[in-house]
Amino acid sequence: MNMQPPAPPTASDVTFTRAGIVAGLIAGQTLAAGVLVYGIVFGVLASEAKLTALEALLMSGSIYSGTAQMAALQGWAHTRLLLPAIATILIMNARYVLYGAALRPWLGTLPAHVTYPTLFFLGDGNWALSMQRRASGEVDAGFVFGSGVVMFVPWLVGTAIGVLVGSAIPDPARFGLDFMLVAFSMALAVSVWRGRSDLRAAGAALVAALVVNNFFPGGWTIVIAGLTGALVAYVTFDGEART
Amino acid sequence: MNTTPDFLLAIAAMGLAAFACRAGGFLMMRYVPVTPRLEAALKAIPLAVMIGIMAPVLARGRFPEIFALVIIAAVMRATRSDFAAALSGVAVVAMGRAFGL
């Protein structure tokens with residue numbers, strides 16, 4: 001923790017410390033509960049698709065993306081073809097290309113043995129949480145790693161529970177837990193909102209997201225929303241550095 | 001579905017594809033100079049993505065979920081705690097569903 005007066009973070013200030021990792025582990029706790037439940041949902045689906053516990057865990061451990069795994073599982077059950085399965089993953093996870101690009105100014109100066117494991121553990125929730133922290137001056141990239149790991153573990157545990165216990169699990173929607181990521185997105189959106197200067201990019205992203213969601217629901221909504229927001233911010237940039 | 005070599009191969013390939021997405025954007029930006037204009041674009045991504053995550057809920061327009069979003073915004077403004085805000089939203093949705101809304 002440095003106690004210098006707050007200044008806009010620059011690349012040379014970036015650190016990756018144990019304290020940052022611990023802060024991420026703690027901040028990710030709430031989201032971890034939702035991820036656990038989501039992991040259980042995938043585990044149940046995997047057991048219904050006759051996957052063994054090992055196969056389900058291998059999927060969760062290597063792909064680590066709920067929507068992509070569920071879509072791939074459905075496709076594989078029908079066709080058992082490799083290329084459509086890979087294409088499904090690429091489409092459902094295309095948003096991570098944006099997430100990684102947005103992390104470049106923060107993680108860019110760190111060594112590869114730190115950045116690539118951090119990127120491996122990247123999820124929607126911990127990325128959003130990290131970007132919110134970054135906007136309020138966080139320099140310690142350990143936060144991104146810690147908040148990622150704290151969601152990866154319950155993802156695997158949830159998958160295992162889902163496969164083993166199967167459909168005996170009560171419907172998580174009853175407790176509103178399917179709403180967790182949306183709820184967090186709203187809270188973080190309020191937090192990163194800087195006022196009028198965000199209005200154009202945010203409004204354009206909303207319109208684009210609603211249109212895409214109407215015609216191609218699924219993996220593309222988030223990607224198009226993110227791209228639209230970035231494009232509008234790029235085009236309407238007025239030369240002033242905003243922090 | 002029994003464990004077959006082709007399924008294990010598929011899992012490995014899908015895992016690689018997933019990591020390629022996670023690392024791809026980061027790697028790509030290594031070769032693109034981050035100008036102030038581009039940085040403004042990158043900074044706009046988080047809010048736009050959060051809106052994209054909320055969009056399907058807004059489009060469905062169910063009362064408990066929309067009301068929950070309003071509550072979340074209010075709690076977030078009052079407490080500055082994403083934890084408290086998100087949980088109160090989840091509670092609103094759970095209550096709404098319990099009452100069959």
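Let's begin inside chain A, where the centres of domain 1 and domain 2, taken over C-alpha atoms, are separated by 23 Å. Domain 1 of chain A covers residues 16–192, and domain 2 of chain A covers 195–243. Where these two domains of chain A touch, six residues come from domain 1 and five residues from domain 2. On the domain 1 side of that contact, α5 (82–92) and α6 (95–107) of chain A each provide at least two residues. That side of domain 1 of chain A is made up of four nonpolar residues, one polar and one charged. Keep α6 of chain A in mind, as we will come back to this helix when we look at chain B.

Before going further, please remember that this is a predicted model, so a word on confidence is useful. For the complex, the predictor reports an ipTM of 0.88 and a pTM of 0.83. Chain A has a mean pLDDT of 88, with 92% of its residues at 70 or more. Among the elements of chain A, the highest mean pLDDT, 96, belongs to helix α7 (residues 112–120), while helix α4 (residues 66–79) has the lowest, 82. Residues 1–7 of chain A have a pLDDT below 50, and this stretch has two contacts in the model beyond near neighbours in sequence. For chain B the mean pLDDT is 92, and 97% of the residues reach 70 or more. Confidence within chain B is highest in α3(B), with a mean of 96, and lowest in α4(B), with a mean of 92.

Those last two helices take us into chain B itself. The domain assignment splits chain B into domain 1 (1–32) and domain 2 (45–101). The centres of these two domains of chain B, again over C-alpha atoms, are 32 Å apart. Helix α3 (residues 63–79) and helix α4 (residues 82–98) of chain B pack against each other at an angle of about 155°, their axes 8 Å apart. The two helices, α3(B) and α4(B), are therefore roughly antiparallel. In handedness, the crossing of α3(B) past α4(B) is right-handed. If you would like to trace this contact in the structure, α3(B) contributes residues including B:F63, B:F67, B:I71 and B:V75, and α4(B) contributes residues including B:A85, B:G89, B:V92 and B:G96. By class, the contact between α3(B) and α4(B) has 14 nonpolar residues, four polar and three charged.

Now let's bring the two chains together. In the model, 83 residues of chain A are in contact with 62 residues of chain B. Helix α10 (residues 180–192) of chain A supplies the largest share of the chain A side, with 13 residues. The chain A residues that touch chain B divide into 59 nonpolar, 16 polar and eight charged.

Two helix pairs show how the chains meet, and both involve α2 of chain B. In one of them, helix α12 (residues 220–235) of chain A meets helix α2 (residues 36–60) of chain B, their axes coming within 6 Å and crossing at roughly 145°. The crossing of α12(A) past α2(B) is right-handed. This contact of α12(A) with α2(B) has 18 nonpolar residues, five polar and one charged.

The other pair brings back α6 of chain A. The axes of α6(A) and α2(B) come within 9 Å and cross at roughly 130°. That angle makes α6(A) oblique to α2(B). Here α6(A) passes α2(B) in a left-handed crossing. On the α6(A) side the contact is made by A:R95, A:L98, A:A101, A:A102 and A:P105, and on the α2(B) side by B:E39, B:L42, B:I45, B:P46 and B:V49. Sorted by class, the contact of α6(A) with α2(B) has eight nonpolar residues, no polar ones and two charged. As you turn the structure, then, α6 of chain A is a helix to follow twice: α6 supplies at least two residues to the side of domain 1 of chain A that touches domain 2 of chain A, and α6(A) also meets α2(B) across the chains.

Methods:
Residues are numbered from 1 along each chain as its sequence is written. Chains are lettered from A and ligands numbered from 1 in the order in which they are written. This is a predicted model: local features need pLDDT of at least 70, side-chain atom pairs count only at pLDDT 80 or more; totals for chains, interfaces and linings use all residues. Domain bounds come from an automatic or database domain assignment. Two residues are in contact if their C-beta atoms, placed from the backbone, lie within 7 Å. Helices (H or I, at least four residues) and strands (E, at least two) are DSSP runs, numbered from the N terminus. Ala, Val, Leu, Ile, Met, Phe, Trp, Tyr, Cys and Pro count as nonpolar, Asp, Glu, Lys and Arg as charged, and the others, Gly among them, as polar. Axes are lines fitted to C-alpha atoms, for helices over the stretch in contact, and angles run from 0 to 180 degrees between N-to-C directions. Angles under 35 degrees count as roughly parallel, over 145 as roughly antiparallel, 65 to 115 as roughly perpendicular and the rest as oblique. A crossing is left-handed if the near helix is turned anticlockwise from the far one by less than a right angle, and right-handed if clockwise. pLDDT is the predictor's confidence in each residue, from 0 to 100.
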